[in-house]
Amino acid sequence: MVHCGCVLFRKYGNFVDNLRLFTRGGSGGMGYPRLGGEGGKGGDVWVVAHKKMTLKQLKDKYPQKRFVAGEGANSRVSALKGSKGKDCEIPAPVGISVTDENGKIIGELNKEQDRILVAEGGLGGKFLTNFLPLKGQRRIIHLDLKLIADVGLVGFPNAGKSSLLSKISHAKPAVADYAFTTLQPELGKIMYKDFKQILVADLPGLIEGAHVNKGMGHKFLKHVERTKQLLFVVDVSGFQLSSRTPYRTAFETVLLLTKELELYDEEVRAKPALLAVNKMDLPDAQNKFHELMNQLQNPKDFLHLFQSKMIPERTMEFEHIIPISAVTGEGIDELKNCIRKSLDEHADRENDAYHKKQFLNLQISNTVSHSEPLSRNAVTSSRMD
Ligand SMILES: Nc1nc2c(ncn2[C@@H]2O[C@H](COP(=O)(O)OP(=O)(O)OP(=O)(O)O)[C@@H](O)[C@H]2O)c(=O)[nH]1
Ligand SMILES: [Mg+2]
């Protein structure tokens, strides 16, 4: 049992996606009234991005989560202008947004060595302050991880998301035949032969009503927000949470998952998505798969059969639908290829869009600079009138 607890702790304790920290700039140094000396300014607190850092490491290294910069030096006869207090740097991972206590964004760390000033040191004592120093700024800040993976696994509990992650990567997530085995995202890397790597996040299962926070829905859906693309994983035989909840076919699970995402955030629903239909090794899986494909291809023929609250405004358009078995390995290679293809295509599209935008900006700035002398003329002539 003890051993089991340990494993659980390791499995679920190793992912931190947000941290709340106390920060305070250093106080200024005392001024020197008799000689008009000025105390040094207190040090500032910065959050600085480091590629190798994780929020978990930050939390372990500074369990008290307090960051206070150094005080400014007092003004002395030998150094009338006191020196500045030592700055304090909080090492944080890349891909973080920093917000204050009220949720207002202070800034974002998007690349190595990006830095954000979070708490400024107090001014040193000087004539204006009666030579008394000011205290540093105090601020509670939140660090939130923006993107955790390229691909996030989305599905009802027990669909086989963790089994799939262990099949496509070296990650060893817990797998069990009960709902909510996974409670925290677990990351795994798919390694391709040409050394390309794609990061996949195994996410906790969603249930009906997740968007109104059923089954910790909000917390779980927030993880979905932090992935570029979605990989829906459904059990070809459908799903039933308990004997008190209705049985849902594979098609219904797709509809319900889409609906949950849509009600949570339309932007999440609109992410590029793939569908893995799992447990194809089970009896009668082929027939059920064909039935599902038929329903997915002609949703309008079937939607009237369901309660309207189950039907999303827009049905999901999957870029690829792949039948797989996370147990036997059937379809896994094809799935890996499809994941890569889809990510590459979207990266290309984003690149194109970026270049088009740059080109457009260039054209606009050219037009503006050509038109500038004209407008000046126009002003001059109107003045002359
Ligand atoms: N027959 C069969 N069983 C599978 C397959 N994939 C997963 N399972 C079983 O389904 C059960 C649930 O698998 P998990 O991988 O834990 O499912 P999950 O989606 O991660 O579940 P949660 O973490 O609860 O959301 C386990 O008993 C697995 O052994 C499959 O391809 N075929
Ligand atoms: Mg799981």
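**Entry 1: the magnesium site**

I began with the magnesium ion (ligand 2) and found that its protein donors are Ser162 through OG and Thr182 through OG1, lying 2.0 to 2.1 Å from the ion. Donors here are N, O and S atoms within 2.8 Å of the metal (3.2 Å for Na, K and Ca), and since water is not among the atoms, sites may look incomplete. Ser162 lies in helix α3 (residues 161–168) and Thr182 in the loop between α3 and β10 (186–191), so the pair ties together parts that are 20 residues apart in sequence. Helices (H or I, at least four residues) and strands (E, at least two) are DSSP runs, numbered from the N terminus.

I noted before going on that this is a predicted model, in which local features need pLDDT of at least 70 and side-chain atom pairs count only at pLDDT 80 or more, while totals for chains, interfaces and linings use all residues. Residues are numbered from 1 along each chain as its sequence is written, chains are lettered from A and ligands numbered from 1 in the order in which they are written, and side-chain values use heavy atoms, with hydrogens and water left out.

I then looked up how covered the two donors are: Ser162 is buried, with a relative accessible area of 8%, and Thr182 counts as buried at 10%. Buried means under 20% relative accessible area, exposed over 50%, and partly exposed in between (1.4 Å probe, protein chains only). Helix α3 is itself mostly covered, with six of its eight residues buried, namely Lys161, Ser162, Ser163, Leu164, Leu165 and Ile168.

**Entry 2: domains**

I checked how the protein chain is divided, and it has domain 1 (16–145) and domain 2 (151–346), with bounds that come from an automatic or database domain assignment. The centres of domain 1 and domain 2, taken over C-alpha atoms, are separated by 44 Å.

**Entry 3: two buried leucines**

I looked up Leu58, which is found in helix α2 (residues 55–61) and is buried, with a relative accessible area of 1%. Leaving aside residues up to four places away in sequence, Leu58 touches Leu19, Leu21, Met53, Phe67, Ile90, Pro91 and Leu143, where contact means heavy atoms within 4.5 Å. Leu58 and Val16 are 42 residues apart in sequence, and their C-alpha atoms are 9.7 Å apart in space.

I turned next to Leu206, in the loop between β11 (197–202) and α4 (217–225), which is buried at a relative accessible area of 3%. Not counting residues up to four places away in sequence, its contacts are Val154, Gly155, Phe156, Pro157, Phe220, Leu221, Leu257 and Leu261.

**Entry 4: residues with positive phi**

I noted that Lys65 has a positive phi of about 55° although it is not a glycine; Lys65 sits in the loop between α2 and β3 (66–68) and counts as partly exposed at 26% relative accessibility. Phe131, also not a glycine, has a positive phi of about 70°; Phe131 is in the loop between β7 (115–119) and β8 (138–145) and is buried, with a relative accessible area of 11%.
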